[in-house]
Amino acid sequence: MTTTADAPLAPTGSPLLELDAAVQAEGIDAGVAAHYGAPLIEQRRLLAGQAVVDLSHRGVLSISGPDRLTWLNSMSSQELRGLTPGQSTETLLLDPSGHLEYAIALLDDGVESWLLIEAAELPGLHAWLDRMRFTLRVQVVDHTLAYATIGTMAADPAAAPLTPASPNGVPLVWHDPWTAVAPGGWQYAADTAHPGAAWRWSEVLIDRSALPALRDAIAAGTAQAAGLLALEALRIAAWRPRGALDADDRTIPHELDWLRTAVHLNKGCYRGQETVAKVHNLGHPPRRLVLLHLDGSDAVLPAHGDKVQADRFVAGGEPERRTVGTITSSAIHHELGPIALAVVKRTVPGSVTLHVLAQGISITAGQEVIVPESAGSVAEIPRLPRLGVRAPRG
């Protein structure tokens with residue numbers, strides 16, 4: 001997986017960075033604005049569907065040819081063969097051991113499949129797909145310099161100020177499926193109200209040449225913009241994983257509750273499927289995703305990679321703290337305050353208070369369980385008695 005040390009390759013320097021008060025993001029999100037001077041206000045506008053988010057640093061690939069959907073289906077975690085023009089989904093590419101390599105937002109327009117991905121992951125994914133074509137009738141094209149991605153929570157993502165590109169007659173608007181469990185998927189989070197149900201996120205592909213006009217509309221007050229800090233805060237509150245931040249080279253989809261929308265449990269073989277099936281049916285994921293509510297007394301927000309610790313009580317002695325996980329994403333939410341997503345060991349009880357080490361300070365954190373300790377082992381297979389052990393007499 002891509003880490004935060006990786007920087008986007010191209011393009012850089014969105015025209016929207018020319019807006020007053022725009023502050024550029026860093027790391028994998030360099031090239032677009034982190035905020036425009038008021039992150040909390042921007043959150044509220046974004047949530048109300050009144051603002052757009054510049055994601056023009058993201059990568060855009062298309063796959064054309066009559067074999068495109070069956071080809072992608074054979075390699076990735078989602079069932080793609082029945083996609084209809086304009087239908088959105090997401091899929092994962094896993095390594096042979098089931099670890100996450102690429103998370104892909106996918107839209108098919110009846111002629112081409114459009115893949116929306118992190119910019120830093122584009123070169124590797126493009127090269128890998130080219131190697132896997134063999135004699136199939138598919139062609140992979142990088143469209144990043146032609147199309148820009150813009151995010152929105154508007155009820156009608158295709159309304160002004162956005163005009164979706166439609167090179168094959170179907171508007172290129174990807175609707176995030178996180179609002180509900182996808183067909184063939186599975187949710188480990190408790191069946192109570194899931195915050196993802198209110199996650200009305202869409203990504204619109206527009207002609208990159210239209211970015212200056214969008215900038216001018218925002219400057220004139222006929223449109224509004226929100227930065228990535230606003231988007232990240234709402235994403236974290238919705239428990240929505242982002243592979244480039246919340247995953248590492250050991251991640252399997254179960255740990256992030258990604259079977260919910262990105263994995264079809266009843267489809268045919270694909271790379272990594274054996275691990276997906278075994279962990280889901282017979283085992284437990286070794287780690288689990290958790291939402292942390294952070295004590296904001298010290299005004300310190302943890303960073304990606306900061307350690308998460310828990311107290312271990314030793315008989316007759318003082319409690320000792322041990323590292324049980326890491327922070328993956330963090331933000332200041334306009335209602336919840338400082339929050340974070342973290343990946344911790346599965347065996348850490350969901351009831352214990354955790355502590356985050358950030359900038360030399362220990363921050364108390366309360367857990368909100370996303371993936372429970374019991375995740376997995378859904379196949380109710382009776383345990384056989386061990387050899388040599390007699391069953392009790394009736």
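Modeller: A cavity here is a set of points, on a 1 Å grid over the protein atoms alone, where a 1.4 Å probe fits but cannot get out, and its volume is the space filled by probe spheres set on those points, joined across faces, edges and corners. Before you ask: this is a predicted model, with local features needing pLDDT of at least 70 and side-chain atom pairs counting only at pLDDT 80 or more, while totals for chains, interfaces and linings use all residues. Residues are numbered from 1 along each chain, and side-chain values use heavy atoms, leaving out hydrogens and water.

Colleague: Ok, so how many cavities of 30 Å³ or more are there?

Modeller: The count is 1. The largest cavity has a volume of about 370 Å³.

Colleague: Which residues are closest to its centre?

Modeller: Arg58, Glu118, Glu203, Pro241 and Arg242, out of 24 that line the largest cavity (lining means an atom within 4 Å of a point). The elements giving two or more residues to that lining are β6 (100-108), β7, α5 and α6 (243-246). Those labels are DSSP runs numbered from the N terminus: helices (H or I) have at least four residues, strands (E) at least two.

Colleague: Switching topic, how many aromatic pairs does the whole structure have?

Modeller: There are 2. Tryptophan 114 and tyrosine 147 are edge-to-face, 5.6 Å centre to centre with 80° between the planes. Rings of Phe, Tyr and Trp (its six-membered ring) pair if their centres lie within 6.5 Å; under 30 degrees between planes is stacked, over 60 edge-to-face, the rest tilted.

Colleague: Where do those two sit in the chain?

Modeller: Tryptophan 114 is in strand β7 (residues 112-117) and tyrosine 147 in strand β9 (residues 147-152), 33 residues apart, so the pair links distant parts of the chain.

Colleague: Is tryptophan 114 buried or exposed?

Modeller: Tryptophan 114 is buried, at 0% relative accessibility, and tyrosine 147 is buried at 11%. Buried means under 20% relative accessible area with a 1.4 Å probe, protein chains only; exposed is over 50%, partly exposed in between.

Colleague: And why are tryptophan 199 and tryptophan 201 called stacked?

Modeller: Because their ring centres are 5.8 Å apart and their planes are at 25°. Both tryptophan 199 and tryptophan 201 are buried.

Colleague: Last one: which residues of helix α1 are buried?

Modeller: Glu42, Gln43 and Leu46 are, in α1 (residues 39-47). They cover an arc of only 105° around the axis, so they're on the same side of α1; the arc uses directions from the helix axis to the C-beta atoms. After α1 comes glycine 49, with a positive phi near 80°.

Methods:
1 Å grid on protein atoms, 1.4 Å probe; cavity = no way out; pocket = protein on both sides within 12 Å on 5 of 7 lines; lining within 4 Å.
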